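Subject: Handover of a structure and the findings from it

Dear colleague,

Please find below the structure that I am handing over to you. A written account of the findings follows it.

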Amino acid sequence: SLNELLSEMTSLKTSLRTTTIEDSVRKSHTPMPMQSLPGNASDIPTPDYVVNFLCRKSSGFRYQLGLSSEVSKLLYRERNFEFTVELLDEHGDRVESHSKLNLVLELYTSESTPKLLMTNTGGNKILKGQVERELVSGAAKFDKVQIREVSSHFRNGWFFLVVRPKPSKYSSSMHLAGSARAPEGGVTISYEEVKPLVVDRIVVKAKKNKEMLPSAEKPPAGKDEEEDDKVFIEGDTQK
């Protein structure tokens, strides 16, 4: 009948209206996907974030590693660089030590979850040179170090350079002057009490631009490129 037809049409309109309202509510409560853009502040971890990632804490250390000589934040692939670290107390004062503590140099990506880089894109060790040193008398020098990959191949275009104590079953602690509780009147320090050194925004480029070099340092035309390629090829054969 006509009345039954009108009733069904009214019911259908009500159903459609309810469905439309529910869809609108559902969309308004659906979180927008996060856009991961290069250089986005929310996607770039800080040095303290990396320390927390490595040590499960970013504060509360009795000691810390600091730089006594600066490391350049602009480096070149397969070119030597060096820097020196020192042991500091919680106030930033240098600490002299009697014994030794093993330190290791590591390279991490600048992603929201930093990744330890062991090899380059060619499958060879990404760090070459003096990557493990002993902290002696409160200082350690890392010299003749090379990074064998350009940073532009990785997210955000730069690395974290990390120096931290290396746990060892033979030497996991050191002794400081000033207490009778340890051998030779020293205080025992566990590697877990030392805050790692984290240097951010390390950019590694393929090679120097010849136009940027002083005239006396400019190589003959074509020689620089040949030597740069030769170094890279020879380095890639070493694991």
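How many helices and strands are there in the chain? The chain has three helices and 12 strands, where helices (H or I, at least four residues) and strands (E, at least two) are DSSP runs numbered from the N terminus.

Some conventions come first. This is a predicted model, in which local features need pLDDT of at least 70 and side-chain atom pairs count only at pLDDT 80 or more, while totals for chains, interfaces and linings use all residues. Residues are numbered from 1 along each chain as its sequence is written, and side-chain values use heavy atoms, with hydrogens and water left out.

Confidence

The mean pLDDT (the predictor's confidence in each residue, from 0 to 100) of the chain is 74, and 61% of the residues reach 70 or more. Over residues 24–40 the pLDDT is below 50; beyond near neighbours in sequence, that stretch has seven contacts (heavy atoms within 4.5 Å) in the model. Residues 216–239 also have a pLDDT below 50, with 35 contacts beyond near neighbours in sequence. Where pLDDT is low, the predicted coordinates should not be read in detail.

Overall organisation and cores

Of the 239 residues in the chain, 35% are buried; buried means under 20% relative accessible area, exposed over 50%, and partly exposed in between (1.4 Å probe, protein chains only). Among contacts between residues at least 6 apart in sequence, 69% join residues at least 24 apart.

A nonpolar core is a set of buried Ala, Val, Leu, Ile, Met, Phe, Trp, Tyr and Cys residues joined through side-chain atoms within 4.5 Å. The largest one has 31 residues, and those with the most contacts inside it are Phe83, Leu103, Ile147, Leu161 and Val163. Two or more residues of this core come from each of β1 (63–69), β3, β4 (101–109), β7 (139–147), β8 (159–165) and β12 (197–205). Not counting residues up to four places away in sequence, Leu161 touches ten-odd positions that need no full listing here, including Phe83, Leu105, Glu106, Val199 and Ile202. A second, separate core of 10 residues includes Ile44, Phe61, Trp158 and Val162.Salt bridges

A search of the whole structure finds nine salt bridges, each being a side-chain nitrogen of Lys or Arg within 4 Å of a carboxyl oxygen of Asp or Glu. Three pairs and one network are described here.

- Asp200 and Lys73 meet through their side chains at 3.0 Å, N to O. Asp200 is in strand β12 and Lys73 in the loop between β1 and β2 (74–76), 127 residues apart. Asp200 counts as buried because its relative accessibility is 18%, whereas Lys73, at 39%, counts as partly exposed.
- Glu106 forms a salt bridge with Arg164, with the closest N and O atoms 3.1 Å apart. Because Glu106 lies in strand β4 and Arg164 in strand β8, the pair ties together parts that are 58 residues apart in sequence. Glu106 is buried, with a relative accessible area of 11%, and Arg164 is partly exposed at 22%.
- Glu132 and Lys166 form a salt bridge of 2.9 Å, N to O. Glu132 belongs to strand β6 (residues 132–135) and Lys166 to the loop between β8 and β9 (173–182), 34 residues apart. Glu132 is partly exposed, with a relative accessible area of 43%, as is Lys166, with 31%.
- Glu86, Arg94 and Glu96 are joined into one network by salt bridges that share partners.

Asp89 and the loop after β3

Which charged side chain is the nearest one of opposite charge to Asp89? That side chain is Arg62, 9.6 Å away; Lys and Arg count as positive and Asp and Glu as negative, while His and the chain ends are not counted. Asp89 is buried yet has no salt bridge. This residue lies in strand β3 (residues 81–89), and a polar atom of the Asp89 side chain is 2.9 Å from the backbone nitrogen of His91. Leaving out residues up to four places away in sequence, Asp89 touches Arg62, Tyr63, Gln64 and Val95.

Gly92 lies in the loop between β3 and β4 and is partly exposed, with a relative accessible area of 37%. The C-alpha atoms of Gly92 and Gln64 are separated by 8.0 Å, with their positions 28 residues apart along the chain.

Asp48

Asp48 is placed in helix α2 (residues 47–55) and counts as partly exposed at 40% relative accessibility. Asp48 and Val198 are 150 residues apart in sequence and 8.0 Å apart in space, C-alpha to C-alpha. Neighbours within four places in sequence aside, Asp48 is in contact with Ser58 and Lys195.

Yours sincerely

Conventions:
Polar contact = N/O pair within 3.5 Å; in protein donor to acceptor, adjacent residues only side chain to side chain.
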